[in-house]
Amino acid sequence: MSIRVRATSPTDEQAREALRGKPAAEHRPSENVAKPEGELAFSISDLSLWYSGKQALTRVGLDIPRKKVTALIGPSGCGKSTLIRCLNRMNDLIPGVTIEGNVTYRNADIYGSDVDPVEVRRRIGMVFQKPNPFPKSIYENVAFGAKVNGFRGNLDDLVESSLKRAALWDEVRDDLKKSGLALSGGQQQRLCIARALANNPDVILMDEPCSALDPIATLKIEDLMRELTTDYTIVVVTHNMQQAARVSDYTAFMLTDEEITGQLIEYAPTETMFTQPADQRTEDYISGRFG
Ligand SMILES: Nc1ncnc2c1ncn2[C@@H]1O[C@H](COP(=O)(O)OP(=O)(O)O)[C@@H](O)[C@H]1O
Ligand SMILES: [Mg+2]
């Protein structure tokens with residue numbers, strides 16, 4: 001197995017060595033990790049991450065299938081956001097981060113020295129917890145990335161097709177000049193999804209995309225996630241187990257305990273995870289005993 005070590009500074013490396021306690025080093029990755037069928041989007045192996053020497057992920061390994069929805073679940077602070085941010089190099093933007101292990105996207109090492117992180121983030125887009133439209137018109141929100149990237153096609157068509165794909169077109173077609181901020185929360189989140197789609201990505205990462213939304217807006221986003229799997233790979237962080245059960249094909253359950261931070265406990269087809277969990281801790285979590 002190849003291990004690549006990246007340290008943002010020698011001090012971080014020393015801090016990490018000092019703080020890297022025995023338990024984490026001896027942690028054996030879970031055996032309850034299913035191999036998804038079909039084509040893979042990501043392959044993650046032996047992935048550990050430290051924030052200024054403080055460990056947040058410990059030897060996480062799993063494969064994420066293409067054109068499916070994969071959900072990351074687990075109690076607050078178990079490393080879900082950290083893991084999803086590793087998939088498009090968003091953690092690179094945080095000072096003091098050290099990453100060890102491998103993340104490949106369609107067999108290419110996304111942390112390779114010849115890889116442009118900006119291109120990684122275009123192909124692997126992201127939608128956040130709180131909808132964050134730019135203070136610009138609906139049209140400009142969707143067209144923004146294309147304009148920055150010197151898109152030469154028809155912008156009107158791109159805006160329309162992206163809004164249609166994000167199931168927002170019918171609600172905004174006559175108001176494209178209106179500010180994105182004037183929309184409801186659910187519409188703003190779909191606008192952010194349209195903005196991501198306009199960059200022609202392959203993958204959309206969603207970090208708790210519904211946690212600021214009401215139940216009806218949430219269901220719309222969930223329906224949209226399912227629809228998008230015809231063309232896109234979706235990875236979604238959620239602390240809502242019903243949501244994971246409703247939308248995802250595969251589910252990864254993560255946990256931080258007294259000894260090991262950010263470990264993968266179990267990964268399985270969603271139905272199996274929710275009906276026959278292999279690990280007692282998964283069962284306790286999904287039956288609401290903690291978290
Ligand atoms: N930017 C950061 N700098 C330092 N520590 C962080 C940062 N982001 C997350 N952490 C820490 O890493 C751990 C995992 O956090 P996170 O990935 O946000 O968990 P989750 O999304 O499951 O709630 C927590 O202990 C959190 O405090
Ligand atoms: Mg989080």
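**Figure 1. The largest nonpolar core of the predicted model and its most connected residues**. In this predicted model, the largest nonpolar core takes in 73 residues, and those with the most contacts inside it are L72, A194, L205, V235 and V236. Nonpolar side chains tend to be buried together in soluble globular proteins. Leaving aside residues up to four places away in sequence, V235 touches I64, T70, L72, I84, L87, V203 and L205, and among these contacts L72 and L205 are themselves listed with V235 as residues having the most contacts inside the core.

**Figure 2. The pairing of strands β8 and β9**. Strand β8, which covers residues 203-207, runs parallel to strand β9, residues 233-237, and five bridges join the two. One of the residue pairs in this arrangement links L205 with V235, its bridge partner in β9; V235 also counts L205 among its contacts, and both residues belong to the group with the most contacts inside the largest nonpolar core.

**Figure 3. The open six-stranded sheet**. Six strands form an open sheet with mixed pairing, in the order β7-β8-β9-β4-β10-β11. Because β7 (124-127) and β11 (263-269) stand at the edges with a single partner strand each, one side of each is left without a neighbour in the sheet. From one strand to the next, the twist averages 15°. Strands of a sheet pair through backbone hydrogen bonds, either parallel or antiparallel.

**Figure 4. The shell of residues around ligand 1**. The residues around ligand 1 are Y51, A56, G74, S76, G77, C78, G79, K80, S81, T82 and I94. Helix α3, which spans residues 80-86, supplies the largest share of this shell, namely three residues. Sorted by character, the shell around ligand 1 divides into four nonpolar residues, six polar residues and one charged residue.

**Figure 5. Two arginines with positive phi**. Although R89 is not a glycine, its phi is positive, at about 60°, and the residue lies in the loop between α3 and β5 (97-105). R89 has 19 other C-beta atoms within 10 Å and is therefore partly exposed, since a buried residue would need 20 or more. R106, likewise a residue other than glycine, has a positive phi near 50° and is found in the loop between β5 and β6 (108-109). With 15 C-beta neighbours inside 10 Å, R106 also counts as partly exposed.

Key: Residues are numbered from 1 along each chain as its sequence is written. Chains are lettered from A and ligands numbered from 1 in the order in which they are written. This is a predicted model: local features need pLDDT of at least 70, side-chain atom pairs count only at pLDDT 80 or more; totals for chains, interfaces and linings use all residues. A residue is near a molecule or strand if its C-beta atom, placed from the backbone, lies within 6 Å of it. Helices (H or I, at least four residues) and strands (E, at least two) are DSSP runs, numbered from the N terminus. Ala, Val, Leu, Ile, Met, Phe, Trp, Tyr, Cys and Pro count as nonpolar, Asp, Glu, Lys and Arg as charged, and the others, Gly among them, as polar. A nonpolar core is a set of buried Ala, Val, Leu, Ile, Met, Phe, Trp, Tyr and Cys residues joined through C-beta atoms within 7 Å. A residue is buried if 20 or more other C-beta atoms lie within 10 Å of its own, exposed if 12 or fewer, and partly exposed in between; C-beta atoms are placed from the backbone. Two residues are in contact if their C-beta atoms, placed from the backbone, lie within 7 Å. Two strands pair if DSSP finds at least two bridges between them. Axes are lines fitted to C-alpha atoms, for helices over the stretch in contact, and angles run from 0 to 180 degrees between N-to-C directions.
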